[in-house]
Amino acid sequence: MAYAGEAPKDSFRLSMLIYDTRYRSITIQIIVLILFGLFLSWIFNNIVQNLAAKDRGFSYDFLWNRAGYDISQRLIAYTNDDTHARAMLVGLLNTLLLAFFGCILATVIGVVAGVLRLSNNWLIGRLMTVYVEVTRNVPVLLWILLVYVVLSEAMPEPKDFKLTDAMIAAGEQPKAHMILGSIAITNRGTNIPEPLFDRSLGNIDLGIFLVSLDLLAIIAVLVGSFFAYRALSHRARALQEATGVRPVTWWKSLLIWLAPVVILLWALGFHLGYPQFKGFNFTGGITVAHAFTALLVALSLYTGAFIAEIVRAGIMAIPRGQTEAAYALGLRPGRTMSLVILPQALRVIIPPLISQYLNLTKNTSLAIAVSYMDLRGTLGGITLNQTGKELECMLLMMAIYLTISLIISGVMNIYNNAVKLKER
Amino acid sequence: MANPTGDSIAFARDTMIPPREPPARESGYVKWMRENLFSNALNITLTVISILIIFGLLRAVVPWFLNGVWNAGSLSECRTIIAERAGPDASGACWAMVRERWNQFLFGFFPMDQYWRPTLAFGLLFAAIGPVLFAGQKEKLNPLFLVVTLFLAVTLWLASAPALAFALTAVLLLVLFALANTAPGRLIWFTAIYPAITFFLLWGGSIWAPVVAMLGFVIIAVTYRLTFERLGVVVATALGAVLAVLWWLFLDHGVAQAIDSVIPIGLPAVASDQFGGFLLAMTIGVTAIAFSLPMGILLALGRRSDMFLIKVLSVGFIEFIRGVPLITLLFTASLLLQYFLPPNTNFDLILRVIILVTFFSAAYIAEVIRGGLAALPRGQYEAADALGLDYWRAQRLVIMPQALKIAIPGIVSSFIGLFKDTTLVAFVGLLDPLKGVTQIVRADINWKGIYWEPYIFVGAIFFVICFGMSRYSMYLERRLKRDHR
């Protein structure tokens, strides 16, 4: 019998570092580590040299200096005597405000357009296709600039809304009218009604900014309604499983949602303050800057087109057999949609939807095109130019955007994991 | 047919009656309309709403287009002409602006007598990407080259190109035609040298700069050929790259100048700040697209690598780039690179922007390709291993062709996104067609107050390019489909 010889002696040769798969990956990683370390130290060295050449240090002290510039649209109190840090916070809140409303509006537009594109109606299907293709294939910057320019150049001047006694006597009408008697779009801004409370609860001071207690009360009541609604549907489901008959709940849930809020609003003395034309401009109400409107409209139309495609693809990804199976079980179309199709379609829709929300949030930085004071406009714009701290401002701004992105994708991933198909 | 016995049977027909017309409501456009437009109450409402929308749009847009004026010197002149022609309240487009300023929208401030250079580069672009777009379909190459030839013949004549350029282009196209009909595989070499040709055509200067720079790639190829059998793919490529970098860093400039002093051939140099309009968008877009795909593939492979360090670096890079807006990266290019590079280094802003845009796009493409890799069944990896293929061969022959095929729609939409995002370079002071040039036009006293026309003109060009790309991706998807469903 021939024995297999002894296994070759495991003597280590230098060439094994490259040729032996056991060591090769370690070799490569060590080389990469060294190169990466060298690269980082090179960059670091350059930064130190460049800062020294410009006779500047690296510090964030400037954030506590007086900002000295005004911000027209702000959610929290701010004057030009406040610090750069507070200006940055105002900008950040403006970014978040835009992203928040943009995401909501884009979702509404996208879902409606996506569902309509799938509808049996030929005409509306084509119309939606045109909307989606035209919007998606043109830079979003174009929509922002176009909406902004149209709003600020083609809209009537405030004085066109003027109605004098002489005009009433002559039976004349003003040149421009308010929409529904409450919204006035002028070339300076959009005037919308503001919510007012006769018996306001006042504000609570959080140290950095004030929070309206009225708003908090409304949110608290809505959260309470949500839990009551959950309990109601839980009870209904238990009853259905016990007896096989689902109790009628729609009027109860309507009551749960509406009644507390209406009572609270009545108790607070809620009413709308309409914009009024006085003197040379509108008073009362809220004046929304065109920069905000243009960004909101353009970003949500643009992102809405992408969401429409995502919704359409999600619904089309559900095999027809699922609908047929639901019909065979005796479910009506509405229940088929809510119990069978949507839960499955959402799984396909959610991940790309998250990245669209992220895109919209990042695209809010295009505010630079219409001088909306967002994070980039404050921290990365005027603060940067005034202090000349390019490195500090840019790094801080990137870190903030990165944090926002990571938070959004983190929250959405939690939700995604909750609805994900549990396999084995 | 006649009855063979002669007597007829009363109850059996011997002739067919002609088929009756289907009921009017069950055929033709009536049926179609009943099914697609008026099937139920909701559908009727939707139809009425869309008809109203379409009608409203047409009523506003059609007269505006029909009243368009092509010959005028200013916006007020346009308005006067429209008021004369169609009444005082009529609205109309003032296309005269496009007629006067189209060259700025297309070329920015590129010298007017040199327009033939970007035009030639644009035409040759299609000749260069043709062999890639229609790989394995040589019957499509001849029509493509014919179109390119016709396009170049007309546009070069319009741009009054010098006779020498005409002659050289004709020779080049003849060679390409000959190659397409004899050895279409060789056409890829033209694709490889196209970047150097375009660089020379656009920026001008001495012809030896791009030629000598291309020698660096020759060095990589030669080193790889000579050593890859003994050293393996990675080491051979790395060695070639090191040699090429040494060439570019130390010898390239001197050699180019030396040759140039002996044989000076060249075109008038054009500075980067004269680039603008769609010329700039195409330059940034095409370069970034060409470089971001290979970089994205490498990043995707890195992210799926078994090697911990490589994986961490790839994930860090991808997530960082994807987490910040492109604008901040562009500002990095214009403001921060001066801190990261050695003191007194200064290189072209367009080049800096291209590098950052490439990084940005590569991170997105890496994620798309990672999706394609993840969608591939595990058996494919195992089969490649079982055949004894090493890592790079397995990737090249088995994994990537399938993964890229799955990822095509995503890759192309990334490309479309990249091309649209080239407009953002306006914010670092470059003259993009959308904000840069339009702002210049709108600042002109003659065209003050014009807004629909420039945006429609620029938007239409973007639409054509992006829509074309998305249609091509659909075509490619269909062509590469291997399953029969």
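# Close-ups of a predicted two-chain model

**View 1. A three-stranded open sheet in chain A.** Three strands of chain A line up in the order E1-E2-E9, making an open sheet with antiparallel pairing. Strand E1 (184-185) and strand E9 (286-288) of chain A sit at the edges, each pairing on one side only. Helix H9 (residues 290-316) of chain A packs on this sheet and touches E1, E2 and E9 of chain A. The direction of H9(A) makes about 60° with that of E9(A). Keep in mind, here and in the other views, that this is a predicted model.

**View 2. Where E1 meets E2 in chain A.** How many bridges join E1(A) to strand E2 (residues 190-192) of chain A? There are two, and the strands run antiparallel. To find one end of a bridge, look for Ile185(A): its bridge partner in E2(A) is Thr190(A).

**View 3. A salt bridge within one loop of chain A.** The model holds 15 salt bridges over all chains, and here is one of them: the side chains of Asp81(A) and Arg66(A) meet at 2.6 Å, N to O. Asp81(A) and Arg66(A) both lie in the loop between helix H2 (21-53) and helix H3 (84-118) of chain A, 15 residues apart. Is Asp81(A) buried or exposed? Asp81(A) counts as exposed because its relative accessibility is 52%, and the cut-off for exposed is over 50%.

**View 4. A buried salt bridge in chain B.** Asp444(B) and Arg101(B) form a salt bridge whose closest N and O atoms are 2.2 Å apart. The two ends are distant along the chain, with their positions 343 residues apart. Asp444(B) is in the loop between helix H17 (433-443) and helix H18 (452-480) of chain B, while Arg101(B) belongs to helix H4 (residues 96-107) of chain B. Both Asp444(B) and Arg101(B) are buried.

**View 5. Helix H4 of chain B and its cover.** Arg101(B) has company: the buried residues of H4(B) also include Ala96(B), Met97(B), Val98(B), Asn103(B), Gln104(B), Phe105(B) and Phe107(B). What covers them? The cover includes helix H3 (75-86), helix H5 (116-133), H11, H17 and H18 of chain B. Just after H4(B) comes Gly108(B), which takes a positive phi of about 65°.

**View 6. A salt-bridge network in chain B.** Four residues are linked here in a network of salt bridges: Arg303(B), Glu319(B), Glu367(B) and Arg370(B). In one of the pairs, the side chains of Arg303(B) and Glu319(B) meet at 3.2 Å, N to O. Arg303(B) comes from helix H11 (residues 277-303) of chain B and Glu319(B) from helix H12 (residues 308-323) of chain B, 16 residues apart. Arg303(B) is buried because its relative accessible area is 13%, whereas Glu319(B), at 29% relative accessibility, counts as partly exposed. On confidence, chain B averages a pLDDT of 85, and 97% of its residues score at least 70. Within chain B, H11(B) has the highest confidence at 92, and helix H1 (residues 28-36) the lowest, at a mean of 80.

**View 7. Where chain A meets chain B.** The contact involves 56 residues of chain A and 56 residues of chain B. The area buried between chain A and chain B is about 5,300 Å², and carbon and sulfur atoms give 73% of it. How many salt bridges are found across the interface of chain A and chain B? The rule finds two. Glu133(A) forms a salt bridge with Arg471(B), with the closest N and O atoms 3.7 Å apart.

**View 8. Pro342 of chain B against chain A.** Pro342(B) is in the loop between helix H13 (326-340) and helix H14 (349-375) of chain B. Leaving aside neighbours within four places in sequence, Pro342(B) is in contact with Trp42(A), Asn46(A) and Asn50(A). Pro342(B) counts as partly exposed, at 29% relative accessibility. For scale, the C-alpha atoms of Pro342(B) and Val30(B) are separated by 75 Å.

**View 9. Ala426 in a loop of chain B.** Ala426(B) is found in the loop between helix H16 (391-421) and H17 of chain B. Ala426(B) counts as buried because its relative accessibility is 16%. Setting aside neighbours within four places in sequence, Ala426(B) is in contact with Asp432(B), Lys435(B) and Gly436(B). Val464(B) is 38 residues from Ala426(B) in sequence and 21 Å away in space, C-alpha to C-alpha.

Terms used: Residues numbered from 1 in each chain as written. Chains lettered and ligands numbered in written order. Heavy atoms only, no water. Pairing = 2+ DSSP bridges. Helix = DSSP H or I, 4+ residues; strand = E, 2+ residues; numbered from the N terminus. Contact = heavy atoms within 4.5 Å. Axes fitted to C-alpha atoms, helices over the stretch in contact; angles between N-to-C directions. Buried < 20%, exposed > 50% of the residue type's maximum accessible area, 1.4 Å probe, protein only. pLDDT = per-residue confidence, 0-100. Buried area = accessible area lost by both parts, 1.4 Å probe.
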